[in-house]
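User: I would like to learn how to read a model like this one feature by feature. Could you take me through it, starting wherever you think best?

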Amino acid sequence: MKIGVIGTGYVGLIQSVGLSEFGYNVVGIDIDETKVKLLNNGDSPLYEEGLDELLKKNINKNLKFTTDYNKIKNCNVIFLCVGTPQDENGHADLKYIYSATESIKQHIDKEDYKIIVLKSTVPIGTNRKIKEHLKGYNVDVVSNPEFLREGIAVSDFFNPERIVLGFEDINNEKPINILKEIYSNFNEKSQIIITNWESAEMIKYASNAFLATKISFANELAKLSDKVGGDIQTVCKAMGIDSRIGPKFLNAGIGYGGSCFHPDETLFVDFGNGIKCLTFKELFSKLNENNCPVKILSANNNLKLELVNLKMITVRDYSDNLIILKTTLGRDLKITKDHPVVVLKNNKLIIKLAEQLNENDNIILPHGDFGENKTNEIDILNEIKKNIIEKTYINNEHKVLNEFNSIKSYSDKYIYSLKRSRTLKSKNTTHIKNMLNKHNYNSIKLITSKNKSAITHYKIKINNDFSKLISYYLTKGQILEDFKINGDNKKRICFYYNTYEKEYINNTKNILEKLNINYIEKIKDNSHNIIISSNILSYIFEEILQCGTNCQNKQIPSQIFNSTEDIKWEFLKGLFMGDRRIVKLNNIDNNNNSNNNNNNNLNIEYRTVSKKLANSLMILLQSLGIVSSLKKCLNKNNILTYIIKIDRLNNIEAIKYNNNNNNNNNSILKIKSVKKEHYNGEVYSVETENNLVVSSYGLLVHNCFPKDVKALIKQFENNNISPKLIKATDEVNEQQINWFFNKIKKQYNNNLNNKSFAILGLAFKPDTDDIRESRAIKLIDLLLDSGASVKAFDFVEKARENTINNYKYNKPKIHYGYNLYVFEDIYKTIKNVNGIIITTEYSQFNNENWEEISNLVNDKIIFDGRNILNSEKLKKLGFKYYGVGKR
C-alpha cells in the first residue's frame with residue numbers, strides 16, 4: 001500500500017515517519033523546498049525524542065519527501081496534515097486545507113479510488129465540506145484526529161489509547177477496512193472508534209476539555225463542601241463508582257496552568273513583502289483586522305534564520321509570576337514560567353520550561369540570510385492613498401504632448417490648460433497606466449502643488465543611495481506636519497545635523513539631487529538642517545516604508561530585509577556613520593572578525609529610543625552573521641535608550657555553535673539570570689509550523705503549548721451557543737489556588753507575617769521533576785509575598801533542584817537561602833513550622849511517622865491541597881486538618 005502525507009509539520013512528519021516504520025511506502029509532500037531537502041538528507045526540523053533516529057532509518061528507503069504533487073497519483077491513502085491557523089475572527093483558517101484539496105484534485109484521476117484522511121485539527125463540519133469540494137471524484141473522506149503530546153509525540157504515535165475514525169457512511173466497509181488495516185500495526189490495547197464525521201471532529205477538542213471540566217467541577221464542589229462541612233473525597237468517590245461518570249480526574253485540588261509571552265515582547269512578521277517588528281499585542285490586533293497569509297521569523301533544522309508559517313495566535317488573561325530571562329550581550333525575554341525554551345545541553349537541543357532554566361544554560365541565537373535578495377522598487381501610484389491622490393499631479397512634458405489625444409478624455413482639466421501646464425491629476429492615470437510605461441520613469445514626476453516645488457519620481461528604486469537615505473532618516477530624520485485652517489495640511493521631512501557632520505550633510509544632498517528632489521537648507525549656530533516639503537515623500541517614508549515619524553516609533557523597513565546584501569551593507573554604513581569614534585563597517589568581514597590587527601579595538605555603537613528599531617537592527621545584523629550586544633539606559637531626558645554595540649568582546653561572549661554542520665548559522669548566549677515578576681494582565685500565545693519562534697532581540701524559543709479548552713469555546717461560539725460550562729472551567733481553575741490560599745490565611749487571622757510553612761511536594765505530579773504548572777510554586781509565591789517563610793520538600797531530587805533554581809537567581813526578590821529553603825529530608829522540612837501544606841499527590845506521605853512529626857512542629861495544622869492524607873489518623877494525633885472540600 002502506498003501512502004501520501006501532505007504537510008510535514010508536527011503532525012505530518014510524525015505520521016510519515018511512523019507509517020514508514022511499519023513498512024508502508026510513504027511520500028511526504030510540502031511546498032517548502034528547503035524543508036523537503038533537509039528531510040531527504042535525514043535532518044528533522046522538529047525536536048522530538050526518537051524522531052531523528054526513525055527519520056534517518058527510513059529515509060530514501062520506503063520514505064521520501066517532495067514538493068511534487070504528482071507523486072500522490074499512485075497513493076492509495078492520502079493524509080492531510082496541513083496547518084489550520086486562526087483567522088481574523090478567531091476561527092480556524094481552512095485555506096491551507098482547501099488549497100491542498102485543490103492540488104489533490106489536479107493530480108488524481110476522477111475514476112481512481114482514493115481515501116483522503118484529515119488529521120488536521122478542523123472545526124466541526126469540515127470533512128463534509130471537503131467531500132463536497134471533491135464532488136465527482138471517486139474518493140472517501142475520513143476524519144482521523146491526532147492526539148500527540150509535545151515531548152512524547154513519537155511514543156504517543158506508536159502507543160495510542162484510541163484511534164478515532166470518522167466516516168460519511170459507517171456502513172461503507174471499503175474505507176473502514178483499509179484504515180483498519182493501516183492501524184492494525186498499533187498496540188493491541190489501542191481501541192479503534194468508528195463513528196461519523198461530526199463526532200470524530202468533536203472528539204479531540206472534547207476529550208481534553210472534558211478532563212479539565214471534571215477537575216474544575218470537583219474543585220467547584222470542594223468549595224461548597226468546605227462551606228457546609230461535607231467531605232469532597234467521599235462525594236467524588238461515590239460519583240466515580242457510577243460507571244456513567246468514572247473515577248478519573250475527579251480529584252479536587254488546586255488547579256492547572258499554561259504558557260505564553262508578555263504582550264510587549266516582539267516577533268518578526270512577514271505579510272508578504274519582508275519582515276517587520278511587531279509586539280504580540282500588535283500582531284493579534286492586526287490579524288483580527290486583516291485576513292492574510294503570515295510568516296514568522298524562526299530557525300530551520302540547522303538553526304539558521306528562516307521564515308515559517310504562523311498557525312495560530314491567541315490571547316488570555318493571566319495572574320501569576322512571569323520569568324525574565326537575561327542573557328549575555330544584554331538580551332532579555334519576558335514569558336510565563338511554564339513557557340518552553342530551546343536550550344543546548346551536551347551538544348544536543350532540549351526543551352526546558354522557563355522556570356527550570358538555570359544560570360549558564362545555553363540559548364540559541366540564529367544567524368543567516370532569509371530575505372528575497374532583490375532590488376525593491378516602489379511604484380508610488382500603486383501605493384498612494386486616495387486622499388493624497390486627489391492632491392497629486394503627474395508632470396511630464398513629453399508624455400502630455402505625445403499622448404495628448406489619449407489623455408484628454410480622462411482629464412478633468414480644460415484641455416488647453418492641460419497642454420499648457422503639462423500636468424495631470426494622478427487619479428486620472430488609473431485608466432492610462434500602460435502609457436506611463438512607455439516613458440522613462442525618471443522623466444515622470446509627481447508633484448503635490450501646482451508650483452512644482454516638491455518633485456518626486458513616480459517610481460523609486462531602493463538601491464544603495466536610497467537605502468542610505470533611509471538610514472540617514474532613521475538616525476537624523478523626522479516627519480513634521482503643518483496644520484492649516486482649510487485642512488490642506490502639509491508634511492515635511494527634516495534631517496537634523498550638526499555643522500561638523502559634513503559627510504552626512506553632503507551625502508544627503510547628493511542623494512536628493514540624484515533623485516531630483518528639491519530641498520532647502522537652514523543653517524544656524526551649530527545646526528545644519530535639510531528640509532523637504534513633500535507630502536509624497538513623507539508618505540513614502542511613513543506609509544510605504546513604515547519607517548516611523550519620530551525617534552520613538554522608528555524601525556527598519558521591510559524592504560531592506562528583502563534587499564540584496566550590498567544594499568544592506570550600504571544601509572548599515574549609513575546608519576552607523578557619523579560618530580567619529582567609529583571604525584567603518586567595511587572593515588568587518590561577514591564572520592564578525594577584524595580584517596586586520598589594527599581593528600582589535602573595534603567599537604561601533606548605535607543609540608535609539610525605539611525598541612522596534614533596536615530589535616530590527618539586531619536581526620538585520622544577525623542576518624549578516626554579526627552578533628551585537630545590547631545595553632539599556634536612561635538618556636538625559638530620562639527616556640529609555642537602547643545601545644546596540646558591535647565589538648571584539650562579542651566574539652567571546654557569543655560562542656559559535658555549528659550543530660555538526662560545519663557552518664556559522666548560530667551562536668550561543670548564556671543565561672545570566674532568571675528573575676520573577678508578578679503580572680496581572682493579558683498574555684499571548686503563538687504556534688508555528690515548526691514549533692520555534694525568534695522573539696525579542698533575536699532569541700530562539702519554543703512556541704507555546706496550545707489549549708484545547710480555548711479552541712472548544714470558539715467552536716461553541718461559531719454555532720451561536722454560549723459555552724457557559726467550558727468558560728466556567730477556566731474561571732474555576734484560575735480561582736482555585738487563590739481560594740485555597742485564602743483558606744490558609746483565615747486560620748492565622750489573615751496575618752502570615754513571620755509564620756513558617758512546610759510545602760510537601762514540588763512537582764506538578766508525583767515521581768517527576770517537572771515543576772511545569774506546579775501549584776506548589778504558585779502557593780510558595782503567595783506565601784512569600786505575604787511575609788511567611790517556606791521550607792519545601794519533594795521525593796524527587798531533580799524536582800528539588802528545579803525549585804531551588806527557580807528562586808535562587810531572582811535578584812530583585814531573592815528568596816532561596818533567606819525565607820525559602822529546600823530540604824532533602826521531610827523531617828527537617830517540618831521541624832518548627834506553623835503549618836504543613838500538601839501540594840503533590842504522593843501516597844507515601846501516609847507512610848511517614850506522623851507521631852514523630854507531631855512532636856517536631858510548632859503548630860499542629862495541616863492543609864491538604866490534594867486530600868491525600870488519612871485525616872482521621874491525624875486528628876487523633878491532635879492535628880487540625882483542612883482539606884479541599886473536607887475537614
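**Reading a predicted model**

Analyst: We can begin with a single residue in its strand: R607 is placed in strand β27, which covers residues 603-608. Please keep in mind throughout that this is a predicted model.

User: Which residues is R607 in contact with, once its neighbours within four places in sequence are left aside?

Analyst: R607 is then in contact with T641, Y642 and I643. The C-alpha atoms of R607 and T641 are separated by 6.7 Å, although the two residues are 34 places apart along the chain. For the chain as a whole, 71% of the contacts between residues at least 6 apart in sequence join residues at least 24 apart.

User: What does the secondary structure of the protein chain come to, and what share of its residues counts as buried?

Analyst: The protein chain has 30 helices and 39 strands, and 57% of its 887 residues count as buried.

User: How should I read one helix, say α18, and where do its buried residues lie around the axis?

Analyst: The general idea is that an α-helix has 3.6 residues a turn, so residues three or four places apart point the same way. In α18 the buried residues are Y504, I505, T508, K509, I511 and L512. Because these residues cover an arc of only 165 degrees around the axis, they lie on the same side of α18. The face turned away from that buried side carries the exposed residues K502 and K514.

User: What do the buried residues of α18 pack against, and what span should the helix have?

Analyst: They pack against two helices, α17 (464-476) and α21 (565-576), and against the strands β24 (490-498), β25 (520-524) and β26 (527-533). As for the span, the 13 residues of α18, 502-514, should cover 18 Å at 1.5 Å a residue, and the end C-alpha atoms are 18 Å apart, which agrees. Just after α18, N516 takes a positive phi of about 60 degrees.

User: Where else should I look for a positive phi, and is the residue there buried or partly exposed?

Analyst: Two further cases, neither of them a glycine, are Q546, with a positive phi of about 55 degrees, and N867, with one of about 50 degrees. Q546 lies in the loop between α19 (535-544) and α20 (558-561), and counts as partly exposed because its relative accessibility is 36%. N867 is placed in the loop between β38 (861-864) and α30 (871-876), and at 4% relative accessibility N867 counts as buried.

User: How many cavities does a search of the whole structure find, and which residues line the second largest?

Analyst: The search finds four cavities of 30 Å³ or more, and the second largest holds about 70 Å³ of space. Its lining consists of L118, K119, S120, T121, V122, S143, P145, A200, E201 and K204. By class, four of the lining residues are nonpolar, three polar and three charged. Helix α8, residues 197-228, gives the largest share of the lining, with three residues.

User: Where does S143 lie, and which residues does S143 touch?

Analyst: S143, one of the residues lining that cavity, lies in strand β6, residues 139-143, and counts as buried at 4% relative accessibility. Not counting residues up to four places away in sequence, S143 touches L118, N127, V164, L165, G166, W197, A200 and E201.

Key
Residues are numbered from 1 along each chain as its sequence is written. This is a predicted model: local features need pLDDT of at least 70, side-chain atom pairs count only at pLDDT 80 or more; totals for chains, interfaces and linings use all residues. Side-chain values use heavy atoms; hydrogens and water are left out. On a 1 Å grid over the protein atoms alone, a cavity is a set of points where a 1.4 Å probe fits but cannot get out, and a pocket is an open set with protein on both sides within 12 Å along at least five of seven lines; lining residues have an atom within 4 Å of a point. Grid points are joined across faces, edges and corners, and a volume is the space filled by probe spheres set on the points. Helices (H or I, at least four residues) and strands (E, at least two) are DSSP runs, numbered from the N terminus. Ala, Val, Leu, Ile, Met, Phe, Trp, Tyr, Cys and Pro count as nonpolar, Asp, Glu, Lys and Arg as charged, and the others, Gly among them, as polar. The expected span of a helix is 1.5 Å times one less than its number of residues. Buried means under 20% relative accessible area, exposed over 50%, partly exposed in between (1.4 Å probe, protein chains only). The arc is that of the directions from the helix axis to the C-beta atoms. Contact means heavy atoms within 4.5 Å.
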